Amino acid sequence: MLRNVWRASVGELLGSAVLVFMIDTIVISSFETQTKTPNLLMSIMIGTTITILLLAVFPISGGHMTPVISFSAALVGLISLSRAFIYIFAQCIGAILGTLALQAVVSHKIAQTYSLAGCTITVIELGPNGPVVTGIETSQALGLEIICTFIFLFASAWLAYDHRQFKALGVLVVFPVIGIVVGILVFISSTLTGKKGYAGAGMNPARCLGSAMVRGGHLWDGHWVFWVGPAISCMVFYIYTKIIPSNHFHANGYRHDFFNVLRALF
């Protein structure tokens with residue numbers, strides 16, 4: 001059993017590496033094209049990429065590729081906590097490898113200008129009177145991270161968690177819906193504030209960790225937001241699944257959810 005989990009985690013590692021490389025190159029390319037609507041172009045391409053990768057990785061490991069899915073799936077009871085931790089570890093390693101691959105193919109100027117498309121709340125720019133910090137407040141970034149991640153779980157991941165809807169709709173409907181929702185959230189969060197230093201909601205702590213580990217520097221400023229925000233969203237989503245009538249949510253898989261596991265332990 002454990003051997004199968006580790007084998008599946010290889011799919012998560014490779015999937016996360018490709019996902020991070022693709023998303024980061026899309027971010028950089030969208031702004032380098034000098035189009036009038038780079039955020040819109042970026043969002044459409046990211047949504048399409050996520051849909052394709054979900055179809056590729058799902059048969060291997062379930063197609064998580066983000067700690068948000070692994071953690072929330074463990075809370076709901078679809079997978080065990082141990083599998084979730086192994087997946088998250090693999091996703092973080094994959095994100096670092098994907099960022100290293102990006103660093104290897106882009107110029108130093110591009111890497112410095114876009115911070116390897118990392119998750120940023122603020123950036124430091126040279127102003128007329130010296131360095132100027134531009135971006136948004138940490139509390140604002142945390143709020144956007146919580147809201148966007150919860151919407152992601154509520155509006156799209158829900159379809160994959162509920163086996164009744166997943167079976168009725170099929171992967172060719174569910175996965176594009178997930179990609180569309182993510183694309184919309186990327187577009188909204190990256191344009192809503194109108195602040196240049198804010199890169200938008202991460203919704204994938206592993207991806208944010210990859211760029212911070214490789215690039216370092218200001219990418220560590222407020223990095224905790226991209227972990228704490230999604231963690232709160234996962235907990236809220238889990239509480240939501242416990243509040244709604246049981247006949248509205250049909251989940252198969254690991255039969256013991258988070259509270260039941262705690263009750264068994266203590």
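F175 is a buried residue, because its relative accessible area is just 3%, and in this predicted model it makes a good way in. Its ring sits beside that of F58: the two centres are 5.3 Å apart and the planes meet at 65°, so the pair counts as edge-to-face. F58 belongs to helix α2 and F175 to helix α8 (residues 171-191), so the two rings tie together parts that are 117 residues apart in sequence. The partners don't share the same kind of surroundings, though: F58 is partly exposed, since its relative accessible area is 31%, whereas F175 is buried at 3%.

That pair has company, as the count comes to nine aromatic pairs. Elsewhere, ring pairs join F150, F154, W158, Y161, F237 and Y240 into a cluster.

Stay with α2 for a moment. The helix covers residues 38-61, 24 residues in total, and its first and last C-alpha atoms are 33 Å apart, close to the 34 Å expected at 1.5 Å a residue. Still, α2 has a kink of about 35° at L55, and the proline P59 follows shortly after. Just past the end of α2 comes G62, with a positive phi of about 105°.

Now for the interior. The largest nonpolar core has 60 residues, and the members touching the most others are I46, F152, L153, Y161, I178, V182 and M203. Helix α6 (residues 138-161) supplies the largest share of this core, with 10 residues. Y161 turns up here as one of those well-connected members, and also in the ring cluster. M203 is worth a closer look: leaving aside residues up to four places away in sequence, it touches T66, V68, E145, C148, T149, F152, V182, L185 and V186. Two of the names in that list, F152 and V182, are themselves among the core members with the most contacts to other members.

There's a second core as well, separate from this one, with six residues that include C92, A95, A206 and L209. C92 counts as buried because its relative accessibility is 11%. A206 and L209 bring us to helix α9, where both are buried. This helix runs over residues 205-215 and is mostly covered, with nine of its 11 residues buried. Besides A206 and L209, the buried set takes in P205, R207, C208, G210, S211, A212 and V214. After α9 comes G216, and its phi is positive too, near 70°.

C208 is also half of the one disulfide found in a search of the whole structure. Its partner is C119, with the two sulfur atoms 2.1 Å apart, and the link is left-handed, at -75° about the S-S bond. The bond spans distant parts of the chain: C119 is in the loop between α5 (108-114) and β1 (122-127), C208 is in α9, and 89 residues separate them. Are the two ends buried or exposed? C119 is buried because its relative accessibility is 4%, and C208 is buried because its value is 2%. Another cysteine, C234, is buried as well, given a relative accessible area of 1%.

Last stop, helix α1 (residues 2-32), which holds V10. V10 counts as partly exposed because its relative accessibility is 45%. Its C-alpha lies 8.7 Å from that of Y87, although the two residues are 77 apart along the chain.

Note on methods: Residues numbered from 1 in each chain as written. Predicted model: local features only at pLDDT ≥ 70, side-chain atom pairs only at ≥ 80, totals over all residues. Heavy atoms only, no water. Core = buried A, V, L, I, M, F, W, Y, C linked by side-chain atoms within 4.5 Å. Buried < 20%, exposed > 50% of the residue type's maximum accessible area, 1.4 Å probe, protein only. Helix = DSSP H or I, 4+ residues; strand = E, 2+ residues; numbered from the N terminus. Contact = heavy atoms within 4.5 Å. Expected span 1.5 Å × (residues − 1). Bend = angle between axes of the 7 residues up to and from the residue. Disulfide = S-S within 2.5 Å. Phe/Tyr/Trp six-rings, centres within 6.5 Å; stacked < 30°, edge-to-face > 60°.
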